[in-house]
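Work through the exercises below with the model open. Try each task before reading its solution.

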Amino acid sequence: MSDSPGERWPPLAAIVGAPRCGTTSLANYLMTHPAVTFSSPKEPHYFTIFDLDGLDEATLRETVEQGYCERFFGPEWRTAELLMEGSVSYLFGADRLAPLLKLWPEAKFIIAVRDPMKMLPSLHQRYLVTGDETAPSFAAAWRLVPERAAGRRIPSSTLDPRMLRYDLAGKLGDAVEHFFAVVGREHCHVVVHDDLVARPAAVYADMLAFLGLPDDGRREFPAVRAAEGVRWHWLQRLLQRPPLVTSLLAGRRFRARLAKGSGKPPSPAVTAVMRARKRLIQWNEVPAPKVVLDRALRQQIHDAFAADTAKLGRLIGRDLSHWLAVD
């Protein structure tokens, strides 16, 4: 239709993938491109958080315009050349993207993937920092997977219990296969973390070509995020995941109104509290300890993901046989 939002609105692209696969670096490189209007924050997770299924077309357009476009891209979003965001959750939440694809049928997705043997321990460390994880080591967290799969031993601070399913997070082959099926292979560009580390300039050039963007002259590609750790895990959970009154039991219409966002600015008291919280979080940050997995655990991880990694290699036409090394 000539009046569809996909044609009237600027085009949309998103960086997706498993966390700790280089998505932060990719986002930081692209958000400085003059043709890109990047969301703030860079990971709104809008289409996986809010249930927009079942909304009639007019309500869907109004909801997304107010709660997504204006809220995350600013009041001048309509004049953008390309809207872009970096919600990594979209890779594992492809079935929630129907509203996005209805509004932007030509949306483009950059998918970041990484060796599970390296990605999963890093992911565990990240969840300690965000307050979602309580198991002190990746080995302990891996042993808890069967319990957590059954709905037990889930920390009260965990935002979403599925985050702690490391056995699922490492199955990138299954996730990418399903994502291709939902959005279309032609709308996807895959970035392998190995390449991002070894040849960042080439990776960046390939992304620009996929997005149809001109070279912006970038020649420096620093690593954006170092490994993180915290002094006190209990303090981190308190700061990152304080008790909140949620609307999980609210009906679909209420959630749709919530998805539109609010233009009401925070009070001075709330602003002061958030500043103090930010200072505490910064003080609590320390370099992360080096994670060393013993051979038995490495073998378990290899066995859990070998077939899936082979599938991913076939899907993207890459030899990934060096992944999941046990020795």
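The exercises go from the whole chain to helix pairs and then to single residues. The model is predicted.

**Exercise 1. The chain as a whole**

Task: State how many helices and strands the chain has, and describe its burial, contacts and surface.

Solution: Begin with secondary structure. The chain holds 16 helices and seven strands. Next, take burial. Of the 327 residues, 48% are buried. Then turn to contacts. Among those with a separation of 6 or more, 78% join residues 24 or more positions apart. Finish with the surface. About 16800 Å² is exposed, and carbon and sulfur atoms supply 56% of that area.

**Exercise 2. Helix 2 against helix 12**

Task: Classify the crossing of helix 2 and helix 12 by angle and hand, then characterise the residues of the contact.

Solution: Locate the two helices. Helix 2 covers residues 23-30, and helix 12 covers residues 200-211. Their axes come within 11 Å and cross at roughly 65°. Angles from 65 to 115 degrees count as roughly perpendicular. Helix 2 and helix 12 are therefore roughly perpendicular to each other. The hand of this crossing is right-handed.

Now list the contact. Helix 2 contributes Leu-26, Tyr-29 and Leu-30. Helix 12 contributes Val-203, Tyr-204, Met-207, Leu-208 and Leu-211. Sort these by type: eight are nonpolar, none is polar and none is charged.

Last, check the cover on helix 2. Seven of its eight residues are buried, so helix 2 is mostly covered. The buried residues are Thr-23, Thr-24, Ser-25, Leu-26, Ala-27, Tyr-29 and Leu-30.

**Exercise 3. Helix 10 against helix 16**

Task: Apply the same angle and residue-type steps to helix 10 and helix 16.

Solution: Helix 10 spans residues 172-183, and helix 16 spans residues 295-316. The axes come within 7 Å and cross at roughly 40°. Under 35 degrees would count as roughly parallel, and 65 degrees would begin the roughly perpendicular range. Helix 10 is therefore oblique to helix 16.

On the helix 10 side, the contact uses Leu-172, Gly-173, Asp-174, Val-176, Glu-177 and Phe-180. On the helix 16 side, it uses Asp-308, Lys-311, Leu-312 and Leu-315. The residues divide into five nonpolar, one polar and four charged.

**Exercise 4. Placing Thr-48**

Task: Is Thr-48 buried or exposed, and which residues beyond its sequence neighbours does it contact?

Solution: Thr-48 sits in helix 3, residues 46-49. Its relative accessible area is 17%. Buried means under 20%, so Thr-48 is buried. Set aside neighbours within four places in sequence. Thr-48 then contacts Ser-89, Tyr-90, Gly-93 and Arg-96.

**Exercise 5. Backbone features**

Task: Describe the peptide bond from Ser-40 to Pro-41, then place Arg-153 and Leu-324 and assess their burial.

Solution: Start with the peptide bond. From Ser-40 to Pro-41 it is cis, with omega near 0°. Pro-41 lies in the loop between strand 2 (36-38) and helix 3.

Move to Arg-153. Its phi is positive, near 60°, and the residue is not glycine. Arg-153 belongs to the loop between helix 8 (145-149) and helix 9 (166-169). Its relative accessible area is 52%. Exposed means over 50%, so Arg-153 is exposed.

End with Leu-324. This non-glycine residue has a positive phi of about 60°. Leu-324 falls in the segment after helix 16. With a relative accessible area of 4%, Leu-324 is buried.

How values were computed:
Residues are numbered from 1 along each chain as its sequence is written. This is a predicted model: local features need pLDDT of at least 70, side-chain atom pairs count only at pLDDT 80 or more; totals for chains, interfaces and linings use all residues. Side-chain values use heavy atoms; hydrogens and water are left out. Helices (H or I, at least four residues) and strands (E, at least two) are DSSP runs, numbered from the N terminus. Buried means under 20% relative accessible area, exposed over 50%, partly exposed in between (1.4 Å probe, protein chains only). Contact means heavy atoms within 4.5 Å. Accessible areas come from the Shrake-Rupley method with a 1.4 Å probe; for residues, only the protein chains shown count as cover. Axes are lines fitted to C-alpha atoms, for helices over the stretch in contact, and angles run from 0 to 180 degrees between N-to-C directions. Angles under 35 degrees count as roughly parallel, over 145 as roughly antiparallel, 65 to 115 as roughly perpendicular and the rest as oblique. A crossing is left-handed if the near helix is turned anticlockwise from the far one by less than a right angle, and right-handed if clockwise. Ala, Val, Leu, Ile, Met, Phe, Trp, Tyr, Cys and Pro count as nonpolar, Asp, Glu, Lys and Arg as charged, and the others, Gly among them, as polar.
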